[in-house]
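Work through the two exercises below with the structure open. Each task is followed by a solution in steps.

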Amino acid sequence: MSQSTTASSYNYAYLDEQTKRMIRRALLKAVAIPGYQVPFAGREMPMPYGWGTGGVQVTATVIGPSDTLKVIDQGSDDTTNAVSIRQFFEKTADIDTTEKTKDATVIQTRHRIPEETLTEGQILVYQVPIPEPLRFLEPRETETRKMHALEEYGLMHVKLYEDISRHGHIATTYAYPVKVNGRYVMDPSPTPKFDNPKMDNCAALQLFGAGREKRIYAIPPYTKVQSLDFEDHPFEIQSWDQDCALCGSTDSFLDEVILDDKGNRMFVCSDSDYCQSRQDGSMPSSVEHTLSQASQMQSVNSEASK
Amino acid sequence: MDFQTNSLSTQDIGQTTLPGFDNPVFDATVIFRTILDAMSHPGTVIETPIKCESPSKLNSSAASVLLALADMDTTIWLSPETECSNVADYLRFHTGCSLTKNSNHCDFAVLNGTEGPDQIANLPIGTAENPDRSATLIIAVDHFNAEQKAVLSGPGIKTTSELSPSPLNSKLWGWMKDNRNYFPCGIDVIFASPTHICALPRSSEMDI
Ligand SMILES: [Zn+2]
């Protein structure tokens, strides 16, 4: 056998082949049953759980030498978490990396979906801390499994409706529950609800990995993803009174940045690649087109909220 | 960089068993990505990027799929038409899988397209709470240009797509249509011609 046994050697993309096969079988089941959480026997990764070990395991399982990887954390390619994961795969999987959404074949993300429309053939891998959308209603796994089996999602609607009676609107802004292909209620991971519409009918394959709870789920391309809502209180995305202070975008997700101790602040795009591309004037026209549609939708929503 | 590849040479294998993947790590990855692509785009016929020598009753694509996904943790059932010592030895040697005569206890099942649905009536379809505990069925066919076509829609399909594996036992069409009625339980099918694969996950709606 031509097996290398030097102390510094490790398997391609860190995971051993048996673990990859097990995760691969789970991923195929996840794709075939959109929104259903497939249990898998996760492995310890050389990083703490909060760093997205579930997403890292999924990425390590799908990635090959011809892939180009982008890693974002809260929309940014430059945070410690994103940089560490990118370097981990540069080192263990010998792959190219990029900060450009359109150049990536695999994008691992924590808490955001890129503003630029994802395309056919791309894979978006989400790092998921808590995969079970019903967990806060029912702590027992045996019970939540039954609820999913019976499509018993009434309690979830009650929870959202309590928001309305307390706040006058649905106050849930992150991890806003969705229903996938009219069947499974799914936690979209702690992305802002602003990103929920991007999951619907998306051309890219969306894979979700939860490391601590050892669950994998998926949304195939072109799959219906509905945010739960009520006829008299339809789903709405966040909107801002300001434009991005750096690129002038009127329709991207904005982060508030504190400028000084006198309370001065500004709002900038959370998606750093998107913002930079707009400042460089290199945003493709197809994106502008999609965004103008999104902005129409958003203005309808913000009017509705008034 | 020093990756372990666990590559086996023909000398390691000896004269009795055909070689498997040239490079088990990278070949398995590229085959998996092809299967993932197929499962994410039901009805789309995708070229199998690697040829591997396989026993006569198991074509190259079907063999590649099993080499990429099966191992000592999985059990394979072979239909009467595909069951023979060559196939069994090949799969055991390259994957470490166990083979079973019980079609109701397997992770993967292999059928020839000419065989009828009676053979696969007892494959596990999962349970309401654990629909993933189901078998994946690999159906060996010759090509994807059959006269008879099914129109597919559902997750992974932008508008509609067509499914036309050949040869296919005419009774299998009805079996596939029924399979959708058990959702979220059910069988996921991977059709494998010598050069291409095409998937039919349980989520696809089918019009014949
Ligand atoms: Zn900006």
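**Exercise 1. Find the residues that touch the most other members of the largest nonpolar core.**

Step 1. A nonpolar core is a set of buried Ala, Val, Leu, Ile, Met, Phe, Trp, Tyr and Cys residues joined through side-chain atoms within 4.5 Å. Buried means under 20% relative accessible area, with a 1.4 Å probe and protein chains only.

Step 2. The largest such core has 89 residues, and F89(A), L207(A), L58(B), I76(B) and L91(B) touch the most other members.

Step 3. Take I76(B): beyond its neighbours within four places in sequence, its contacts (heavy atoms within 4.5 Å) include L66(B), L91(B), F108(B) and V110(B).

Step 4. A separate second core has 26 residues, among them F144(B) and F191(B).

The model is predicted: local features need pLDDT of at least 70 and side-chain atom pairs pLDDT 80 or more, while totals for chains, interfaces and linings use all residues. Residues are numbered from 1 along each chain as written, chains are lettered from A and ligands numbered from 1 in written order, and side-chain values use heavy atoms, without hydrogens and water.

**Exercise 2. Describe the surroundings of strand β9 (residues 205–210) of chain A.**

Step 1. Strands are DSSP runs (E, at least two residues), numbered from the N terminus. Six of the six residues of β9(A) are buried, so this strand is largely enclosed by the rest of the structure.

Step 2. In a regular strand, side chains alternate between the two sheet faces. L205(A), L207(A) and G209(A) lie on one side of β9(A), and Q206(A), F208(A) and A210(A) on the other.

Step 3. Pairing requires at least two DSSP bridges. β6(A) pairs with β9(A) in the parallel sense over five bridges, and L124(A) stands opposite Q206(A). β10(A) pairs with β9(A) in the antiparallel sense, also over five bridges.

Key:
Buried means under 20% relative accessible area, exposed over 50%, partly exposed in between (1.4 Å probe, protein chains only). Helices (H or I, at least four residues) and strands (E, at least two) are DSSP runs, numbered from the N terminus.
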